[in-house]
Amino acid sequence: MIQSISILAGKNKVGLAERFSEIHIDAGEIIGIVGPTGSGKSALIEDIEQLAQRDTTSSRQILLNGKVPDADLRFDPKKKLVAQLSQNMNFLADMTVDEFLRLHAKCRGKDSLLSEKVIYYANSLTGEPIRKDMNLTVLSGGQSRSLMVADVAFISDSPVVLIDEIENAGIKKHEALELLSGNGKIILVVTHDPVLALLTQRRLVMRKGGVEKILTTTEDEKRLSVYLNQVDRELFTIREQVRHGEEISLEASSVASVTENIIG
Ligand SMILES: Nc1ncnc2c1ncn2[C@@H]1O[C@H](COP(=O)(O)OP(=O)(O)OP(=O)(O)O)[C@@H](O)[C@H]1O
(Lines give C-alpha, C1' and ligand atoms only; values in the text may rest on other atoms or scores of the structure.)
Protein backbone atom coordinates (compact mmCIF):
# COMPACT_ATOMS: atom_id res chain seq x y z
CA MET A 1 0.00 0.00 0.00
CA ILE A 2 1.50 3.32 -1.02
CA GLN A 3 0.79 6.09 1.46
CA SER A 4 3.22 8.65 0.10
CA ILE A 5 5.84 9.44 -2.47
CA SER A 6 8.75 11.78 -1.86
CA ILE A 7 10.75 13.57 -4.52
CA LEU A 8 14.28 14.34 -3.34
CA ALA A 9 15.81 17.26 -5.22
CA GLY A 10 18.22 16.81 -8.13
CA LYS A 11 19.67 19.22 -10.68
CA ASN A 12 18.14 21.32 -13.43
CA LYS A 13 19.26 21.37 -17.08
CA VAL A 14 22.20 23.70 -16.37
CA GLY A 15 23.41 21.57 -13.49
CA LEU A 16 22.17 23.76 -10.61
CA ALA A 17 20.65 22.08 -7.57
CA GLU A 18 16.86 22.40 -7.27
CA ARG A 19 15.80 24.79 -4.51
CA PHE A 20 13.93 22.36 -2.28
CA SER A 21 15.14 19.35 -0.41
CA GLU A 22 12.10 17.08 -0.46
CA ILE A 23 8.55 17.18 -1.83
CA HIS A 24 6.34 14.84 0.16
CA ILE A 25 3.02 13.86 -1.46
CA ASP A 26 0.38 11.87 0.46
CA ALA A 27 -2.20 9.46 -0.99
CA GLY A 28 -5.34 11.35 -2.01
CA GLU A 29 -3.40 14.55 -2.84
CA ILE A 30 -3.80 16.33 -6.15
CA ILE A 31 -0.64 18.03 -7.37
CA GLY A 32 -0.38 20.30 -10.43
CA ILE A 33 2.71 20.47 -12.63
CA VAL A 34 2.97 23.68 -14.65
CA GLY A 35 5.63 25.34 -16.79
CA PRO A 36 6.39 26.27 -20.40
CA THR A 37 7.36 23.85 -23.16
CA GLY A 38 10.68 22.21 -22.48
CA SER A 39 10.70 23.16 -18.79
CA GLY A 40 10.99 19.55 -17.61
CA LYS A 41 7.40 18.48 -16.81
CA SER A 42 7.68 15.15 -18.65
CA ALA A 43 11.14 14.47 -17.20
CA LEU A 44 9.76 14.90 -13.66
CA ILE A 45 6.88 12.54 -14.39
CA GLU A 46 9.30 10.00 -15.89
CA ASP A 47 11.43 10.19 -12.75
CA ILE A 48 8.36 9.28 -10.69
CA GLU A 49 7.29 6.57 -13.13
CA GLN A 50 10.75 4.96 -13.12
CA LEU A 51 11.24 5.50 -9.37
CA ALA A 52 14.51 7.29 -10.20
CA GLN A 53 17.39 6.63 -7.82
CA ARG A 54 19.81 9.41 -8.79
CA ASP A 55 20.28 7.53 -12.07
CA THR A 56 18.39 9.79 -14.52
CA THR A 57 19.48 13.07 -16.14
CA SER A 58 17.94 15.06 -13.26
CA SER A 59 19.68 13.01 -10.50
CA ARG A 60 16.44 13.06 -8.51
CA GLN A 61 15.54 10.29 -6.09
CA ILE A 62 12.02 9.00 -5.47
CA LEU A 63 11.03 7.36 -2.19
CA LEU A 64 7.87 5.34 -1.50
CA ASN A 65 6.46 5.58 2.03
CA GLY A 66 9.69 7.39 2.94
CA LYS A 67 11.91 4.47 1.87
CA VAL A 68 14.00 3.44 -1.13
CA PRO A 69 11.61 1.23 -3.18
CA ASP A 70 12.32 -2.46 -3.83
CA ALA A 71 14.02 -3.20 -7.14
CA ASP A 72 11.10 -5.38 -8.33
CA LEU A 73 8.80 -2.37 -8.12
CA ARG A 74 11.13 -0.55 -10.48
CA PHE A 75 11.60 -3.25 -13.06
CA ASP A 76 8.49 -5.46 -13.00
CA PRO A 77 6.08 -4.08 -15.64
CA LYS A 78 3.13 -5.73 -13.82
CA LYS A 79 3.75 -3.46 -10.82
CA LYS A 80 3.38 -0.25 -12.76
CA LEU A 81 3.23 2.72 -10.42
CA VAL A 82 1.77 5.36 -12.71
CA ALA A 83 -1.43 5.07 -14.77
CA GLN A 84 -1.71 7.71 -17.50
CA LEU A 85 -4.82 9.46 -18.73
CA SER A 86 -4.65 11.81 -21.65
CA GLN A 87 -6.98 13.50 -24.09
CA ASN A 88 -5.53 11.67 -27.05
CA MET A 89 -6.08 8.16 -25.70
CA ASN A 90 -8.70 5.94 -27.27
CA PHE A 91 -9.84 2.35 -26.99
CA LEU A 92 -8.89 0.21 -29.98
CA ALA A 93 -10.23 -3.18 -28.90
CA ASP A 94 -13.21 -4.58 -30.80
CA MET A 95 -15.29 -5.66 -27.78
CA THR A 96 -18.14 -4.33 -25.71
CA VAL A 97 -17.67 -2.05 -22.71
CA ASP A 98 -18.75 -4.85 -20.37
CA GLU A 99 -16.48 -7.48 -22.00
CA PHE A 100 -13.49 -5.16 -21.74
CA LEU A 101 -14.11 -4.20 -18.11
CA ARG A 102 -14.66 -7.83 -17.04
CA LEU A 103 -11.49 -8.88 -18.83
CA HIS A 104 -9.51 -6.03 -17.27
CA ALA A 105 -10.86 -6.84 -13.80
CA LYS A 106 -9.94 -10.50 -14.29
CA CYS A 107 -6.38 -9.61 -15.40
CA ARG A 108 -5.99 -7.53 -12.25
CA GLY A 109 -7.37 -10.28 -10.04
CA LYS A 110 -10.51 -8.27 -9.24
CA ASP A 111 -14.20 -9.22 -9.19
CA SER A 112 -15.70 -8.98 -12.68
CA LEU A 113 -18.85 -7.49 -11.10
CA LEU A 114 -16.82 -4.27 -10.79
CA SER A 115 -17.81 -3.67 -14.42
CA GLU A 116 -21.24 -2.39 -13.31
CA LYS A 117 -19.68 0.02 -10.80
CA VAL A 118 -17.21 1.39 -13.36
CA ILE A 119 -20.00 2.00 -15.89
CA TYR A 120 -22.13 3.68 -13.20
CA TYR A 121 -19.35 6.10 -12.22
CA ALA A 122 -18.26 6.67 -15.83
CA ASN A 123 -21.82 7.80 -16.50
CA SER A 124 -21.54 10.38 -13.73
CA LEU A 125 -18.69 12.04 -15.65
CA THR A 126 -20.19 12.27 -19.11
CA GLY A 127 -23.39 13.70 -20.55
CA GLU A 128 -23.71 10.91 -23.13
CA PRO A 129 -24.88 7.67 -21.52
CA ILE A 130 -22.58 4.66 -21.77
CA ARG A 131 -24.31 1.27 -22.01
CA LYS A 132 -22.57 -1.96 -21.19
CA ASP A 133 -23.38 -3.52 -24.58
CA MET A 134 -21.80 -0.64 -26.56
CA ASN A 135 -18.73 -1.46 -28.58
CA LEU A 136 -15.61 0.35 -27.34
CA THR A 137 -14.84 1.60 -30.84
CA VAL A 138 -18.10 3.58 -31.10
CA LEU A 139 -17.58 5.55 -27.88
CA SER A 140 -17.14 9.30 -28.24
CA GLY A 141 -14.09 11.06 -26.83
CA GLY A 142 -15.98 12.10 -23.68
CA GLN A 143 -17.38 8.60 -23.15
CA SER A 144 -13.93 6.98 -23.63
CA ARG A 145 -12.24 9.34 -21.16
CA SER A 146 -14.99 8.89 -18.57
CA LEU A 147 -14.66 5.14 -18.83
CA MET A 148 -10.87 5.36 -18.51
CA VAL A 149 -11.12 7.53 -15.39
CA ALA A 150 -13.59 5.15 -13.71
CA ASP A 151 -11.54 2.13 -14.83
CA VAL A 152 -8.37 3.62 -13.32
CA ALA A 153 -10.25 4.51 -10.12
CA PHE A 154 -11.68 1.05 -9.45
CA ILE A 155 -9.83 -1.60 -11.46
CA SER A 156 -6.26 -0.42 -11.98
CA ASP A 157 -3.95 -0.85 -9.01
CA SER A 158 -1.64 2.01 -9.95
CA PRO A 159 -1.34 4.25 -6.88
CA VAL A 160 -0.31 7.28 -8.93
CA VAL A 161 -2.41 8.72 -11.75
CA LEU A 162 -0.93 11.12 -14.24
CA ILE A 163 -3.42 13.33 -16.02
CA ASP A 164 -2.05 15.04 -19.05
CA GLU A 165 -3.98 17.46 -21.26
CA ILE A 166 -7.58 16.72 -20.39
CA GLU A 167 -8.64 20.34 -20.92
CA ASN A 168 -11.00 19.42 -23.74
CA ALA A 169 -11.73 15.84 -22.83
CA GLY A 170 -15.51 16.43 -22.69
CA ILE A 171 -15.84 15.16 -19.10
CA LYS A 172 -16.72 16.74 -15.76
CA LYS A 173 -13.18 17.53 -14.64
CA HIS A 174 -13.89 18.29 -11.00
CA GLU A 175 -15.83 15.07 -10.48
CA ALA A 176 -13.14 13.08 -12.33
CA LEU A 177 -10.40 14.35 -9.99
CA GLU A 178 -12.59 13.72 -6.94
CA LEU A 179 -13.35 10.19 -8.03
CA LEU A 180 -9.65 9.38 -8.44
CA SER A 181 -8.32 11.12 -5.33
CA GLY A 182 -11.22 9.81 -3.24
CA ASN A 183 -9.93 6.34 -3.97
CA GLY A 184 -6.63 7.16 -2.28
CA LYS A 185 -4.63 7.76 -5.45
CA ILE A 186 -1.97 10.41 -5.81
CA ILE A 187 -2.95 12.58 -8.74
CA LEU A 188 -0.45 14.53 -10.82
CA VAL A 189 -2.08 16.92 -13.28
CA VAL A 190 0.00 18.50 -16.02
CA THR A 191 -2.10 21.44 -17.13
CA HIS A 192 -2.40 25.16 -17.69
CA ASP A 193 -6.17 25.02 -17.56
CA PRO A 194 -7.10 27.17 -14.52
CA VAL A 195 -10.14 24.97 -13.85
CA LEU A 196 -7.82 22.02 -13.25
CA ALA A 197 -4.75 23.85 -11.93
CA LEU A 198 -6.69 25.60 -9.15
CA LEU A 199 -8.37 22.36 -8.10
CA THR A 200 -4.99 21.06 -6.96
CA GLN A 201 -3.60 21.55 -3.46
CA ARG A 202 -0.11 22.48 -4.68
CA ARG A 203 1.49 23.36 -8.01
CA LEU A 204 5.05 22.53 -8.91
CA VAL A 205 6.37 25.25 -11.19
CA MET A 206 8.98 23.91 -13.62
CA ARG A 207 11.72 25.96 -15.24
CA LYS A 208 14.89 24.95 -17.08
CA GLY A 209 14.42 21.30 -16.13
CA GLY A 210 14.04 21.91 -12.39
CA VAL A 211 11.25 22.52 -9.89
CA GLU A 212 11.58 26.25 -9.38
CA LYS A 213 8.70 26.96 -7.02
CA ILE A 214 6.10 25.06 -5.07
CA LEU A 215 2.88 27.07 -4.82
CA THR A 216 0.22 26.15 -2.29
CA THR A 217 -3.26 27.02 -3.57
CA THR A 218 -4.33 30.19 -1.74
CA GLU A 219 -7.77 30.92 -0.25
CA ASP A 220 -8.39 33.42 -3.08
CA GLU A 221 -7.49 30.81 -5.65
CA LYS A 222 -9.79 28.29 -3.96
CA ARG A 223 -12.67 30.77 -4.15
CA LEU A 224 -11.85 31.45 -7.81
CA SER A 225 -11.74 27.71 -8.39
CA VAL A 226 -15.29 27.28 -7.07
CA TYR A 227 -16.47 29.97 -9.48
CA LEU A 228 -14.53 28.55 -12.43
CA ASN A 229 -16.00 25.14 -11.72
CA GLN A 230 -19.47 26.56 -11.85
CA VAL A 231 -18.66 28.16 -15.21
CA ASP A 232 -17.12 24.90 -16.42
CA ARG A 233 -20.20 22.93 -15.38
CA GLU A 234 -22.49 25.38 -17.15
CA LEU A 235 -20.35 25.17 -20.27
CA PHE A 236 -20.59 21.40 -20.07
CA THR A 237 -24.40 21.59 -19.85
CA ILE A 238 -24.68 24.08 -22.70
CA ARG A 239 -22.33 21.98 -24.84
CA GLU A 240 -24.58 18.96 -24.27
CA GLN A 241 -27.66 21.02 -25.19
CA VAL A 242 -25.97 22.17 -28.40
CA ARG A 243 -24.97 18.58 -29.14
CA HIS A 244 -28.57 17.45 -28.78
CA GLY A 245 -29.81 20.18 -31.09
CA GLU A 246 -31.57 22.15 -28.39
CA GLU A 247 -32.10 25.90 -28.30
CA ILE A 248 -30.27 27.67 -25.50
CA SER A 249 -32.25 29.95 -23.25
CA LEU A 250 -30.57 32.67 -21.19
CA GLU A 251 -33.43 32.52 -18.74
CA ALA A 252 -32.82 28.86 -17.86
CA SER A 253 -31.93 29.10 -14.19
CA SER A 254 -28.64 27.22 -14.29
CA VAL A 255 -27.28 29.37 -17.09
CA ALA A 256 -28.64 32.63 -15.68
CA SER A 257 -26.72 32.40 -12.39
CA VAL A 258 -23.39 32.31 -14.13
CA THR A 259 -24.18 34.67 -16.99
CA GLU A 260 -25.39 37.26 -14.45
CA ASN A 261 -21.91 37.26 -12.99
CA ILE A 262 -20.37 37.69 -16.40
CA ILE A 263 -22.69 40.11 -18.20
CA GLY A 264 -24.15 41.79 -15.09
N1 LIG B 1 16.77 18.13 -14.81
C2 LIG B 1 17.14 17.91 -16.09
N3 LIG B 1 18.42 17.71 -16.43
C4 LIG B 1 18.79 17.51 -17.72
N5 LIG B 1 17.93 17.51 -18.76
C6 LIG B 1 16.63 17.69 -18.50
C7 LIG B 1 16.15 17.92 -17.15
N8 LIG B 1 14.82 18.08 -17.19
C9 LIG B 1 14.46 17.99 -18.49
N10 LIG B 1 15.54 17.76 -19.27
C11 LIG B 1 15.55 17.61 -20.74
O12 LIG B 1 14.97 18.77 -21.32
C13 LIG B 1 14.15 18.45 -22.41
C14 LIG B 1 12.75 19.03 -22.21
O15 LIG B 1 12.18 18.47 -21.04
P16 LIG B 1 10.68 17.90 -20.99
O17 LIG B 1 10.32 17.17 -22.23
O18 LIG B 1 10.54 17.18 -19.69
O19 LIG B 1 9.87 19.27 -20.93
P20 LIG B 1 8.25 19.50 -20.90
O21 LIG B 1 8.02 20.60 -19.93
O22 LIG B 1 7.58 18.21 -20.65
O23 LIG B 1 7.98 20.01 -22.35
P24 LIG B 1 6.58 19.95 -23.20
O25 LIG B 1 5.63 20.87 -22.52
O26 LIG B 1 6.99 20.44 -24.54
O27 LIG B 1 6.15 18.50 -23.22
C28 LIG B 1 14.17 16.94 -22.54
O29 LIG B 1 15.11 16.59 -23.53
C30 LIG B 1 14.61 16.47 -21.18
O31 LIG B 1 15.33 15.24 -21.23
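This is a guided tour of a predicted model, one selection at a time.

**The whole chain**

Start with everything shown. The chain holds nine helices and nine strands. Turn the C-alpha trace along its principal axes: the spans are about 55 × 50 × 25 Å. A compact globule of 264 residues would have a radius of gyration near 18 Å, and the chain has 20 Å, which agrees. Buried residues account for 33% of the 264. Now think about contacts between residues at least 6 apart in sequence. Of these, 66% join residues at least 24 apart.

**Colour by confidence**

Colour the chain by pLDDT. The mean is 88, and 92% of the residues reach 70 or more. Which element has the lowest mean pLDDT, and which the highest? Select helix α9, residues 253-263, for the lowest, at 56. Then select strand β9, residues 210-216, for the highest, at 97. The scores for the model are ipTM 0.97 and pTM 0.83.

**The ligand**

Select the ligand and show what surrounds it. The shell has 16 residues. Gly40, Ser42, Ala43, Ser58 and Gly209 come nearest. What kinds of residue make up the shell? Eleven are polar, three are charged and two are nonpolar. Which helix gives the largest share? Helix α1, residues 41-49, does, with three residues.

**Helix α1**

Stay on α1. Select Lys41, Ala43, Leu44 and Asp47: these are buried. Ala43 is also one of the residues that come nearest to the ligand. Next, show the strands that the buried residues of α1 pack against. They are β3 (30-34), β4, β7 (186-190) and β8 (202-207). Then step past the end of the helix. Leucine 51 follows α1, and its phi is positive, near 50°.

**Before α1: glycine 35**

Go back along the chain to glycine 35. This residue sits in the loop between β3 and α1. Is glycine 35 buried or exposed? The cut-off for buried is 20 or more C-beta neighbours within 10 Å. Glycine 35 has 22 inside that distance, so it counts as buried. Show its contacts, leaving aside neighbours within four places in sequence. They are Gly40, Lys41, Val205, Met206 and Arg207. Two of those names are familiar: Gly40 was listed among the residues nearest the ligand, and Lys41 is a buried residue of α1. Now add histidine 192. Glycine 35 and histidine 192 lie 157 residues apart in sequence, but 8.1 Å apart in space, C-alpha to C-alpha.

**After α1: the loop to β4**

Move to the loop between α1 and β4 (61-64). There are three stops here.

- Arginine 54 is in this loop. Its phi is positive, about 60°, although arginine 54 is not a glycine. Arginine 54 is exposed, with 11 other C-beta atoms within 10 Å.
- Threonine 57 lies in this loop too. Threonine 57 counts as partly exposed, because it has 14 C-beta neighbours inside 10 Å. Select lysine 11 as well. The two are 46 residues apart along the chain, and their C-alpha atoms are separated by 8.2 Å.
- Serine 59 is also placed in this loop. Serine 59 has a positive phi of about 60°, although it is not a glycine. With 17 C-beta neighbours inside 10 Å, serine 59 is partly exposed.

**Strand β5: serine 86**

Select strand β5, residues 82-86, and find serine 86 in it. Serine 86 has 14 C-beta neighbours inside 10 Å, so it counts as partly exposed. Draw a distance from serine 86 to isoleucine 48. It comes to 17 Å, C-alpha to C-alpha, with their positions 38 residues apart in sequence.

**Helix α4**

Finish on α4, residues 114-123. Select Ser115, Val118, Ile119 and Ala122, which are buried. Look down the axis of the helix. Where do the buried residues fall? They keep within an arc of 95°, so they line one face of α4. An α-helix has 3.6 residues a turn, so residues three or four places apart point the same way. Last, show what this face meets. The buried residues of α4 pack against α3 (97-107) and α5 (141-154).

Conventions: Residues numbered from 1 in each chain as written. Predicted model: local features only at pLDDT ≥ 70, side-chain atom pairs only at ≥ 80, totals over all residues. Helix = DSSP H or I, 4+ residues; strand = E, 2+ residues; numbered from the N terminus. Rg over C-alpha atoms; globule rule 2.2 N^0.38 Å. Buried ≥ 20, exposed ≤ 12 C-beta atoms within 10 Å, placed from the backbone. Contact = placed C-beta atoms within 7 Å. Near = placed C-beta within 6 Å. Nonpolar A, V, L, I, M, F, W, Y, C, P; charged D, E, K, R; others polar. Arc of directions from axis to C-beta. pLDDT = per-residue confidence, 0-100.
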